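User: I would like a close look at one part of this model. Please explain each term as you go.

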Amino acid sequence: MPGLAFCEVWFANFRSHFLHFREFNIKFNCTLMMRLILYSKPGCHLCEGLQEKLEQIESLKFQLEVRDITERDDWFQAYQYEVPVLFKVESQEKSSGGDAAFSPAEQLPRPSPRCTVPQLEQMLQKYLQIDRSE
């Protein structure tokens, strides 16, 4: 039967490797995370409906950032008659400085206000090119 010292060393090595793997897994998942940007404005029922549906999607991994167009003049000028507007931004490998790098934002087609959460999920899966088997 192994001695106590052997068990302590084995556990320390196991813990070290496990934490390293977990850290790698977290970094890997963050690097590949898709980001969606929803341009919205207060009182916009279409915007609120789309945001609620996006927040209900659990099977796709993405970060949702909601931007209020009334906070910046350039956003307001660009989207005042278009909201809700949805963009995807893909995160890429980290830059040499350690900062996350992102691809240019790509506008996604506006889903119908009548689409269901599963229909929205299917549309996003197509445009985000996410493989759910991973």
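User: Where is the place of Arg67? Please go on from there to the disulfide and to the contact of helix 2 with helix 4.

Analyst: Arg67 has its place in strand 2, residues 62-68. Helices (H or I, at least four residues) and strands (E, at least two) are DSSP runs, numbered from the N terminus. The model is predicted, so local features need pLDDT of at least 70 and side-chain atom pairs count only at pLDDT 80 or more, while totals for chains, interfaces and linings use all residues. Residues are numbered from 1 along each chain as its sequence is written, and side-chain values use heavy atoms, with hydrogens and water left out.

Arg67 counts as buried because its relative accessibility is 17%. Buried means under 20% relative accessible area, exposed over 50%, and partly exposed in between (1.4 Å probe, protein chains only).

Apart from neighbours within four places in sequence, Arg67 is in contact with Arg35, Ile37, Leu38, Tyr39, Ser40 and Trp75. Contact means heavy atoms within 4.5 Å. With Tyr39 there is also a polar contact of 2.7 Å between the side chains. A polar contact is a pair of N or O atoms within 3.5 Å; within protein, one must be able to donate a hydrogen and the other to accept it, and residues adjacent in sequence count only if both atoms are side-chain atoms. Val85 lies 18 residues from Arg67 along the chain, and their C-alpha atoms are 9.8 Å apart.

Next, the cysteines. A disulfide is a pair of cysteine sulfur atoms within 2.5 Å, and by this rule there is one disulfide. It joins Cys44 to Cys47, with 2.4 Å from S to S. The link of Cys44 and Cys47 is right-handed, with 75 degrees about the S-S bond. Both Cys44 and Cys47 are buried. Cys115 is buried too, because its relative accessible area is 10%.

Then the helices. The axes of helix 2 (residues 45-56) and helix 4 (residues 117-128) come within 9 Å and cross at roughly 75 degrees. Helix 2 is therefore roughly perpendicular to helix 4. Axes are lines fitted to C-alpha atoms, for helices over the stretch in contact, and angles run from 0 to 180 degrees between N-to-C directions. Angles under 35 degrees count as roughly parallel, over 145 as roughly antiparallel, 65 to 115 as roughly perpendicular and the rest as oblique. Helix 2 contributes Leu50, Lys53, Leu54 and Gln56 to the contact, and helix 4 contributes Val117, Leu120 and Leu124.

As for the whole, the protein has four helices and five strands, in the order α-β-α-β-α-β-β-β-α along the sequence.

Technical notes: Nonpolar A, V, L, I, M, F, W, Y, C, P; charged D, E, K, R; others polar.
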